[in-house]
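Let's work through some exercises together. Keep the structure in view and try each task before you read its solution.

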Amino acid sequence: MARFPRGSSAPHLLYSFFNSSKSTRPSPHSPTSALLLGNFHLRQFSSSAVRAKDDKEPWWKESMEHLRNIGISAHIDSGKTTLTERILYYTGRIHEIHEVRGRDGVGAKMDSMDLEREKGITIQSAATYCTWNGYQVNIIDTPGHVDFTIEVERALRVLDGAILVLCSVGGVQSQSITVDRQMRRYEVPRVAFINKLDRMGADPWKVLSQARAKLRHHSAAVQVPIGLEEDFQGLIDLVQMKAFYFRGSSGENVVAEDIPEDMAAFVEAKRRELIETVSDVDDKLADAFLADEPISASDLEEAIRRATIARKFIPVFMGSAFKNKGVQPLLNGVLNYLPCPIEVNNYALDQTKDEEKVMLGGNPEGPLVALAFKLEEGRFGQLTYLRIYEGVIRKGDFVVNINTGKRIKVPRLVRMHSDEMEDIQEAHAGQIVAVFGMDCASGDTFTDGSVKYTMTSMNVPEPVMSLAVQPVSKDSGGQFSKALNRFQREDPTFRVGLDPESGQTIISGMGELHLDIYVERIRREYKVDATVGKPRVNFRETITQRAEFDYLHKKQSGGQGQYGRVTGYVEPIPLGEGSKFEFENMIVGQAIPSNFIPAIEKGFKEAANSGSLIGHPVENLRIVLTDGASHAVDSSELAFKLAAIYAFRQLYTAAKPVILEPVMLVELKVPSEFQGTVAGDINKRKGVIVGNDQDGDDSVITAHVPLNNMFGYSTSLRSMTQGKGEFTMEYKEHLPVSQDVQVQLVNAYKASRATE
């Protein structure tokens with residue numbers, strides 16, 4: 001199986017290695033082979049440099065063309081991790097195969113977490129690399145469970161292409177739709193792989209039509225299976241028009257034969273369908289097809305590549321990873337049809353020009369631009385995964401973290417193979433590497449200091465939900481705070497704070513599921529049992545009318561007393577004017593000495609931190625100081641600060657305060673048959689539906705719903721839509737609550753204060 005992919009101009013080293021006689025050539029699983037293949041990339045990189053003088057092309061171009069960054073994602077239990085395991089075996093990265101939930105108790109290579117091996121699922125995305133036919137392939141195996149979607153999002157952000165795995169029995173399932181939507185959002189070209197053709201009830205053609213209908217894929221099969229279920233023997237390649245059989249104990253020997261005669265007509269029809277489908281989106285192939293010219297394998301291959309990279313077509317491969325069939329042709333498909341780093345448009349945001357988009361060409365000679373897309377707490381400290389978009393990073397170099405402005409040295413540079421690592425001296429644009437000992441947060445951008453680019457916008461959404469957590473035993477406080485610090489760095493949407501009244505630790509995040517997973521991880525990874533309070537919504541308070549104040553604070557207790565008088569008024573700032581608290585000093589003359597004014601402002605600010613309705617911060621108010629009085633001896637900063645606090649409490653009810661609650665922009669995607677039920681439920685939750693569109697068989701409903709009424713929504717949406725509905729929720733604004741809700745909230749607050 002030494003067929004070399006299209007467009008290759010690899011150096012003679014490769015040909016001599018792959019085409020040397022059987023006796024001298026090392027087996028694909030020998031350490032020599034792995035070493036040769038592992039070092040091949042570096043040799044090629046340097047040999048290209050030598051030829052730079054003769055060629056017009058830059059020295060790095062060929063090296064970049066021999067690089068692929070791919071992710072494998074799919075629905076739960078479609079066989080992603082098993083497929084990655086086979087890819088690693090055939091490329092010589094591992095020397096024996098272990099199954100997910102295997103009887104030998106070893107577990108798949110990529111599931112390195114104990115929890116993953118125990119449950120047989122993937123929780124964190126794992127990175128590895130391998131070499132196939134002289135191409136270096138970086139692979140990220142991502143989770144399939146909807147709870148870990150952030151991991152998939154991060155992986156897709158840094159990949160150039162992806163394999164969407166579909167189960168030939170289950171077909172297109174709910175998470176397949178979610179993953180496909182994420183790939184579309186990040187504009188990732190993809191190939192599909194219909195797995196598990198050996199299972200009872202396998203029907204790849206049903207899955208293909210589902211992908212066209214449900215995922216709106218413009219796709220066609222590039223292979224036809226020879227037999228299905230227990231009769232599944234091999235595959236026919238519709239581009240090369242050859243039958244491939246997988247012999248040997250682990251399917252490592254790929255044998256090419258002629259197409260079986262009884263399948264010739266069916267294969268011809270499927271090839272014609274493939275050509276027609278690609279012709280719809282590729283003009284060059286369409287011209288040849290309409291002119292009835294014979295279409296060669298290389299013409300068809302190039303057309304499929306052009307259409308796939310342009311994201312107009314998705315080639316569909318088939319096989320059974322568990323039965324070791326169809327993995328090698330899929331690897332060839334990755335090389336032939338998925339883009340190399342310089343064929344993908346990546347954009348950075350220039351912070352010096354108000355986040356203006358800048359296109360990165362993927363040039364190793366340019367300034368360094370790298371994105372930290374994932375953090376892990378390793379045995380030797382923090383491990384940061386970097387995707388390099390431009391330039392070269394070397395061990396010992398100094399790099400600048402654009403988000404914090406810090407200059408950091410690169411102490412150690414490694415390439416990851418699941419949880420093992422291999423030290424390297426340098427890495428260039430297009431590669432995915434990991435760095436030790438660099439203190440940063442997820443989503444930070446690193447440059448060499450010459451440019452100020454970030455790869456993602458700096459705006460992190462505000463958390464909308466909070467939980468009170470505290471460790472059960474007092475001794476585990478150290479581990480508990482260590483866990484919270486680590487999770488805060490790993491996830492920018494996870495925040496930690498202290499409740500000034502109760503002294504409890506408050507964690508805030510984007511929803512209940514988000515916070516539940518972190519509480520479970522504290523329990524598992526740090527062995528800290530935590531008690532969790534009820535979820536709390538971050539309410540605010542504000543005033544609705546102008547109110548006057550005139551307050552004298554006087555205290556005489558032997559020795560120096562306290563004396564301070566403040567007079568003025570408070571008025572609301574209209575919503576949306578930006579500022580949340582303003583203080584103006586309009587005193588003419590020296591009624592209050594100017595050195596006490598900051599203390600008065602501080603007093604009002606402190607008082608506004610906790611309104612008297614439900615104890616939440618008061619926003620959107622302007623305080624104007626017009627007059628006052630002081631005493632030559634008894635006046636002090638403390639006296640005026642207390643005068644301001646008491647004055648605020650006195651005027652607060654006269655200013656007609658109201659409670660503001662966070663209103664969420666909720667976008668739901670549900671099959672049309674459930675539209676009525678879901679819309680009725682939103683109205684019941686006091687939501688306002690602002691949009692309703694059709695997207696194929698789905699209804700997309702947009703609504704504004706108070707967050708307080710959204711607790712437990714994911715569970716009720718699943719039960720209403722048989723698990724097919726999904727929703728996203730983001731903070732929109734704080735709006736006043738209705739009168740009945742305000743009375744309820746105030747009474748609940750008073751009752752809780754009374755019990756304390």
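**Exercise 1. Work out which way the residues of strand S1 point, and whether they are buried or exposed.**

Step 1. From S1, Leu67, Asn69, Gly71 and Ser73 point one way, while Arg68, Ile70, Ile72 and Ala74 point the other way. In a regular strand, side chains alternate between the two faces of the sheet.

Step 2. Residues on both sides are buried (under 20% relative accessible area; exposed is over 50% and partly exposed in between, with a 1.4 Å probe and protein chains only). With 8 of the 8 residues of S1 (residues 67–74) buried, the strand is largely enclosed by the rest of the structure.

Before going on, a word on the source: this is a predicted model, in which local features need pLDDT of at least 70 and side-chain atom pairs count only at pLDDT 80 or more, while totals for chains, interfaces and linings use all residues. Residues are numbered from 1 along each chain as its sequence is written, and side-chain values use heavy atoms, leaving out hydrogens and water.

Helices (H or I, at least four residues) and strands (E, at least two) are DSSP runs, numbered from the N terminus.

**Exercise 2. Find how S1 pairs with strand S4.**

Step 1. Two strands pair if DSSP finds at least two bridges between them. S1 and S4 (residues 161–167) have 5 bridges, in the parallel sense.

Step 2. For one bridge, look at Ser73: its partner in S4 is Leu164.

**Exercise 3. Describe the sheet that holds S7, S8, S9 and S10.**

Step 1. The sheet is open, has 4 strands in the order S7-S8-S9-S10, and pairs them antiparallel.

Step 2. S7 (223–226) and S10 (253–257) are at the edges with a single partner strand each, so one side of each has no neighbour in the sheet.

Step 3. S7 and S8 (residues 234–237) are joined by 4 bridges, and Pro225 stands opposite Leu235 in S8.

**Exercise 4. Place Gly248 in the structure.**

Step 1. Gly248 is in the loop between S9 (242–247) and S10.

Step 2. With a relative accessible area of 45%, Gly248 is partly exposed.

Step 3. Gly248 and Asn324 are 76 residues apart in sequence, yet 9.7 Å apart in space, C-alpha to C-alpha.
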